[in-house]
Amino acid sequence: MKGKGRGSVERAPVAPVTLREMPGTRVLLWVVDPCPYCAGTHFHPAGRGDLAEAQLRLGEVPAACDAGRLYTLQVPPKPKRTRGKEERRRARREARRKMDDDSDDW
Ligand SMILES: [Zn+2]
């Protein structure tokens, strides 16, 4: 399908997606949130419980809110973990301190 376009080489904007399973079924959905066009939430079918198949559905697709436009379904990169580790350590330390305070009451 190589249409001789009007010279527009514009790339479809990225639509960040998360994978969700429809409750009670094995149907997977790519959830667009937010849509680069209308800032809404859209759902795109992603197969039946097969992650590899779901990933094949990523890429440029017609926008759910405007079939005349495309967006690129893309899973956003995961945030770094280092911060969470530090916070967890600090929380644990605080919990221990609280326990010590309690023991002083005895
Ligand atoms: Zn939209």
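## The hairpin

Strands S4 and S5 run antiparallel, with five bridges joining them. The two strands make a hairpin, and two residues sit between them. Within this pairing, Ala63 stands opposite Asp66 of S5. Keep in mind while you look around that this is a predicted model.

## Overall layout

Stepping back, the protein has two helices and five strands. Going along the sequence, you read the pattern β-β-β-α-β-β-α. Of the 106 residues in the protein, buried ones make up 10%. As for contacts with a separation of 6 or more, 36% of them come from residues 24 or more positions apart.

## The sheet

The five strands form an open sheet with mixed pairing, in the order S3-S2-S1-S5-S4. At the edges are S3 and S4 (59–63), each of which pairs on one side only. From one strand to the next, the twist averages 40°.

In general, strands of a sheet pair through backbone hydrogen bonds, and they can do so parallel or antiparallel. You get both kinds here: S4 and S5 are antiparallel, while S1 and S5 run parallel and are joined by three bridges. On the S1–S5 side, Ala15 stands opposite Leu73 in S5.

## The nonpolar core

Which residues make up the largest nonpolar core? There are 10 of them: Ala15, Val17, Leu28, Leu29, Trp30, Val32, Ala46, Ala54, Tyr71 and Leu73. Strands S1 (14–21), S2 (27–32) and S5 (66–74) each supply at least two residues of this core. The largest share is from S2, with four residues.

Leu73 is a handy place to start exploring. Skipping neighbours within four places in sequence, Leu73 is in contact with Ala15, Val17, Trp30, Val32, His44, Leu58, Gly59 and Val61. Ala15, Val17, Trp30 and Val32 are core members too, and Ala15 is the residue that stands opposite Leu73.

## Val31, in strand S2

Val31 also belongs to strand S2. Is Val31 buried or partly exposed? It counts as partly exposed, because it has 16 C-beta neighbours inside 10 Å, and a buried residue needs 20 or more.

Leaving out residues up to four places away in sequence, Val31 touches Val17, Thr18, Arg20, Thr41 and Phe43. One of these, Val17, is in the largest nonpolar core. There is also a C-alpha distance to look at: Val31 and His44 are 13 residues apart along the chain, and their C-alpha atoms are separated by 6.5 Å. His44 is one of the contacts of Leu73 as well.

## Backbone oddities between S2 and S3

Most residues other than glycine have a negative phi, and most peptide bonds are trans. The loop between S2 and S3 (42–48) holds an exception of each kind, so it's worth a look if you plan to check backbone torsions.

The peptide bond from Asp33 to Pro34 is cis, with omega near 0°, and Pro34 is in that loop. Ala39, found in the loop between S2 and S3 too, has a positive phi of about 65° even though it is not a glycine. What about the surroundings of Ala39? Ala39 is exposed, because it has 9 other C-beta atoms within 10 Å, and 12 or fewer counts as exposed.

Technical notes:
Residues are numbered from 1 along each chain as its sequence is written. This is a predicted model: local features need pLDDT of at least 70, side-chain atom pairs count only at pLDDT 80 or more; totals for chains, interfaces and linings use all residues. A nonpolar core is a set of buried Ala, Val, Leu, Ile, Met, Phe, Trp, Tyr and Cys residues joined through C-beta atoms within 7 Å. Two residues are in contact if their C-beta atoms, placed from the backbone, lie within 7 Å. Two strands pair if DSSP finds at least two bridges between them. Axes are lines fitted to C-alpha atoms, for helices over the stretch in contact, and angles run from 0 to 180 degrees between N-to-C directions.
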